[in-house]
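Dear colleague,

Please find below the structure that I am handing over to you, together with its sequence. My notes on what was found in it follow.

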Amino acid sequence: MEKDINNKELPQIDLPEEWVAGTDISKELLSMYTNFPCRLKAEIIVLCMGGEIKATLNLNHIKVERNQVVVLMPGSIFQIDKVESDLQIYVLGFSSEYSEKHHMSASAFSAIYFTLERPIIRLKEEAATLMQGYFQLLIGLFENLNETMRREIADNVYADAHKGLYIFYQKYAGQSNTTSKNEMLCRNFTNLVIQHYREMRNVEWYARKLGITHAHLAIIIKQVTDKTCTDIIATMVIMDAKSQLKLTNQSIQEISDSLHFANVSFFGKYFKRHVGMSPQAYRSNG
């Protein structure tokens, strides 16, 4: 992958198989990506058992340390800022193609929803050790099964991993044990937005995908989140636009095109309405 991003879109990272598991992520490898922003197409779950990674995730600074799990969702924009000490991390990832076609369970939706606000979970020592053993099992399976067999167990790996995340979020992030029908609808909507916000900002389209009316979706989203559907879509669009403005040298026109706006003037008005300044002003002074 080219590291020179001048006048180019953010590089996009995906996986060559439906799922992968490994621990061969060295300090030297991550250091190659220092100050090198990328957009994830895949979903990546990372367990840190040693060392420290300072990074920027969706314009927020994070620090990943021993006994922490970080979940990077598709569409996330991240870059490595600094890697310290002897790094020991385990990685489990699911490709964009697999994530988009897979029918998620309730626990998978819950885990994904929780990670939007809290991408990092700090585990107790015993819990981290148990998760390390789980990752080592998955790595063994991945390395010893052929491609056909790996595909055959992909659904099980996905379901088990997200059920585990759901349990950890309940235990360590103070989440409720119950999920209402309305909360589940909100999570389904949020997941669709994560996948499609770049090309689709029409709330009616999301309602059709969810099999409900526009009015019903709007009411439920407002009740559960105190935000409108448009607010949630705009949050993702503006996060992406801000990242491209700050982390790349793409022109305003190119950024507008990447987000599928009809023209650069409409993009500028949309951005100013939500941010309070023009894209160029944000790039220069924001």
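Glu97 counts as exposed, because its relative accessibility is 58% and the cut-off for that class is over 50%. Please bear in mind throughout that this is a predicted model. Glu97 belongs to helix H2, which spans residues 96-101. On the surface it is part of a patch of negative charge, where it gathers with Asp14, Glu100 and Glu199.

Salt bridges

Nine salt bridges were found when the whole structure was searched. Three of them are described here, beginning with the bridge between Arg122 and Glu65, whose closest N and O atoms are 3.0 Å apart. This pair links distant parts of the chain, 57 residues apart: Arg122 sits in strand E8 (residues 120-122), while Glu65 occupies the loop between strand E5 (60-64) and strand E6 (68-72). Arg122 counts as partly exposed, given a relative accessibility of 47%. Glu65 is likewise partly exposed, and its relative accessible area is 23%.

The second bridge joins Arg66 to Glu125, with 2.6 Å between the closest N and O atoms. Arg66 lies in the loop between E5 and E6, and Glu125 is in helix H4 (residues 125-144), so this bridge ties together parts of the chain that are 59 residues apart in sequence. Both partners are partly exposed: Arg66 has a relative accessible area of 38%, and Glu125 has one of 37%.

The third bridge is formed by the side chains of Arg198 and Asp240, at 3.6 Å from N to O. Arg198 is placed in the loop between helix H7 (181-196) and helix H8 (203-210), whereas Asp240 is in helix H10; the pair therefore ties together parts that are 42 residues apart in sequence. Arg39 also enters the picture, since salt bridges with shared partners join Arg39, Arg198 and Asp240 into one network.

The surroundings of Asp240

Is Asp240 buried or exposed? With a relative accessibility of 0%, Asp240 counts as buried, because the cut-off for that class is under 20%. Besides its salt bridge to Arg198, the side chain of Asp240 makes a polar contact with the side chain of Gln244, at 2.9 Å. The C-alpha atom of Asp240 is also separated by 7.6 Å from that of Ile77, a residue 163 positions away along the chain.

Gln244 leads on to Ser258, as the side chains of these two residues make a polar contact at 3.0 Å. The side chain of Gln244 is thus in polar contact with the side chains of both Asp240 and Ser258. Ser258 is located in helix H11 (residues 252-258). Its relative accessibility is 14%, and Ser258 therefore counts as buried.

Helix H9 and the loop that follows

Thr225 is found in helix H9. Which backbone atoms does the side chain of Thr225 reach? One is the backbone oxygen of Ile221, at 2.7 Å, and another is the backbone nitrogen of Lys227, at 3.0 Å. Thr225 and Cys186 are 39 residues apart in sequence, and their C-alpha atoms are 8.1 Å apart in space.

Asp226 lies in the loop between helix H9 (214-225) and helix H10 (229-247). Although Asp226 is not a glycine, it has a positive phi of about 60°. Asp226 counts as exposed, at a relative accessibility of 60%.

A second residue with positive phi

His260 also has a positive phi, near 60°, and is a residue other than glycine. His260 is situated in the loop between H11 and helix H12 (264-275).

In reviewing the model, you may wish to begin with Asp240, which is buried and belongs to the network with Arg39 and Arg198. The backbone at Asp226 and at His260 may then be viewed together, as phi is positive at Asp226 and at His260.

Yours sincerely

Notes:
Residues are numbered from 1 along each chain as its sequence is written. This is a predicted model: local features need pLDDT of at least 70, side-chain atom pairs count only at pLDDT 80 or more; totals for chains, interfaces and linings use all residues. Side-chain values use heavy atoms; hydrogens and water are left out. Helices (H or I, at least four residues) and strands (E, at least two) are DSSP runs, numbered from the N terminus. Buried means under 20% relative accessible area, exposed over 50%, partly exposed in between (1.4 Å probe, protein chains only). A polar contact is a pair of N or O atoms within 3.5 Å; within protein, one must be able to donate a hydrogen and the other to accept it, and residues adjacent in sequence count only if both atoms are side-chain atoms. Patches are made of residues with over 30% relative accessible area and no salt bridge: like charges are joined within 9 Å, nonpolar side chains (Val, Leu, Ile, Met, Phe, Trp, Tyr) within 5 Å. Accessible areas come from the Shrake-Rupley method with a 1.4 Å probe; for residues, only the protein chains shown count as cover. A salt bridge is a side-chain nitrogen of Lys or Arg within 4 Å of a carboxyl oxygen of Asp or Glu. Lys and Arg count as positive and Asp and Glu as negative; His and the chain ends are not counted. The place of a charge is taken as NZ of Lys, CZ of Arg, CG of Asp or CD of Glu.
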